[in-house]
Amino acid sequence: MKKKTGSPKEEGGHGIFASLFPRQYDFHAMLEAQADRTVSGVRLFASWLETSPQSNPVHLEEIETEVDRMRHDMEEKLISSFSTPFDRQDIYSISRQMDYILNFSLETAKEMHAFGVQPDPYIIAMTSYLLSGTECIARGIHALDEDKTKVEEEIRHARDSYNALEDRYILGMAVLLKTSDAMQAIRTREIYHHLRDAGRAMRDTLDILHNAVIDLA
């Protein structure tokens, strides 16, 4: 099966997007590719948490750099494109917020390695919810051109993951503030905050994705 890329689409394409306006680039396919690599990155981060001892997360950094290149390529094409499948600001913002998810995941891993913070149940739980929500985003983006009901369903599931991540953050902070080891609490607090930031980037991606679905209705 031939993989979709960001190259110009051939005439005679199918789907809602293809029937609207002739377009030079397949931005939907670009978002799909970025979403899939973002999931790969967050999944790698979750796997990295299970390793002992934890090494420098260079492989996660490689994926983050790759996704940065994908995003920059899309931004250049957005500038030169005559027509897009939906609002170009939404396309740009979805891409940017997905990039933040991976950026914060990488920063979390790098700081854990540098600060000597070991994964605790709250870090592992927040990462698990971040991964499940990011997977929902990817499935929703894949369904954009075919099934808006499916997109809405994935958005709901991802919001449940975000809310669960926030709950774990609060529970983790409540426990952390009671510890007698002040320096360890400060280091771990930084990790919790980065994971919360990743969750908020996921939440913002969902809001923009939802707006795009409404515009397509």
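A residue is called buried here when its relative accessible area is under 20%. By that criterion, buried residues make up 48% of the 217 residues in this protein. The model is predicted, and the stops below proceed from the overall fold to individual side chains.

**Overall fold**

Begin with a cartoon representation of the whole chain. It displays seven helices and zero strands, so that the order of elements from the N terminus is α-α-α-α-α-α-α. Of the contacts with a sequence separation of 6 or more, 80% are between residues 24 or more positions apart.

**The nonpolar core**

Select Leu31, Phe86, Ile94, Ile123 and Ile141 next. These residues have the most contacts inside the largest nonpolar core, which has 58 residues. At least two core residues come from each of α2 (27-49), α3 (58-80), α4, α5 (121-143), α6 (148-176) and α7 (182-216). Helix α7 supplies the largest share, 13 residues. In soluble globular proteins, nonpolar side chains tend to be buried together.

Centre the view on Ile123 and display its surroundings. Setting aside residues up to four places away in sequence, Ile123 touches Leu49, Met112, Val117, Gln118, Ile191, Tyr192 and Leu195.

**Helix α2 and its N-terminal end**

Select residues 27-49, which form α2. This helix has 23 residues, and the distance from its first C-alpha to its last is 33 Å, close to the 33 Å expected at 1.5 Å a residue. At its N-terminal end, add Asp26, which acts as a cap: one of its side-chain oxygens lies 3.4 Å from the backbone nitrogen of His28.

Then move to Gln24, in the loop between α1 (16-20) and α2. Gln24 is partly exposed, at a relative accessible area of 38%. Display Thr84 as well: the two residues are 60 positions apart along the chain, yet their C-alpha atoms are separated by 8.6 Å.

**Salt bridges between helices**

The structure holds 14 salt bridges. Select Glu66 and Arg37, whose side chains meet in one of them at 2.9 Å, N to O. Since Glu66 belongs to helix α3 and Arg37 to helix α2, the pair ties together parts that are 29 residues apart in sequence. Both are partly exposed: Glu66 has a relative accessibility of 25%, and Arg37 has one of 26%.

Select Glu154 and Arg139 for a second example. Their salt bridge has its closest N and O atoms 3.1 Å apart. Glu154 lies in helix α6 and Arg139 in helix α5, so this pair ties together parts that are 15 residues apart in sequence. Which of the two residues counts as buried, and which as partly exposed? Glu154 is buried at 3% relative accessibility, whereas Arg139 is partly exposed at 39%. Keep Arg139 selected and add Ala35: 104 residues separate them in sequence, but their C-alpha atoms are 8.5 Å apart.

**A charged network involving α4**

Select Asp68, Arg71, Glu75, Arg96 and Asp99, which are linked in a network of salt bridges. Within this group, examine Asp99 and Arg96, whose closest N and O atoms are 3.0 Å apart. The two residues are three positions apart in helix α4 and are therefore separated by about one helical turn. Asp99 is buried, with a relative accessible area of 0%; Arg96 is also buried, at 19%.

Add Asn103, a further residue of helix α4. Asn103 counts as buried at 16% relative accessibility. Beyond residues up to four places away in sequence, Asn103 touches Glu64, Asp68 and Arg96. Asp68 and Arg96 have already been displayed as members of the salt-bridge network.

**Glu111, a buried charge without a salt bridge**

Finish at Glu111, in helix α4 (residues 88-115). Side chains of opposite charge can pair when their charged atoms come close. How far from Glu111 is the nearest side chain of opposite charge? That side chain, Lys110, is 9.0 Å away, and Glu111 is buried yet has no salt bridge. A salt bridge requires a side-chain nitrogen of Lys or Arg within 4 Å of a carboxyl oxygen.

Which side chain makes a polar contact with the side chain of Glu111? The partner is His194, at 3.1 Å. To complete the view, display Gly116, Glu190, Ile191 and His194, the residues that Glu111 touches when those up to four places away in sequence are not counted. Ile191 was displayed earlier, as one of the residues touching Ile123.

Note on methods
Residues are numbered from 1 along each chain as its sequence is written. This is a predicted model: local features need pLDDT of at least 70, side-chain atom pairs count only at pLDDT 80 or more; totals for chains, interfaces and linings use all residues. Side-chain values use heavy atoms; hydrogens and water are left out. Helices (H or I, at least four residues) and strands (E, at least two) are DSSP runs, numbered from the N terminus. Buried means under 20% relative accessible area, exposed over 50%, partly exposed in between (1.4 Å probe, protein chains only). Lys and Arg count as positive and Asp and Glu as negative; His and the chain ends are not counted. A polar contact is a pair of N or O atoms within 3.5 Å; within protein, one must be able to donate a hydrogen and the other to accept it, and residues adjacent in sequence count only if both atoms are side-chain atoms. Contact means heavy atoms within 4.5 Å. A nonpolar core is a set of buried Ala, Val, Leu, Ile, Met, Phe, Trp, Tyr and Cys residues joined through side-chain atoms within 4.5 Å. The expected span of a helix is 1.5 Å times one less than its number of residues.
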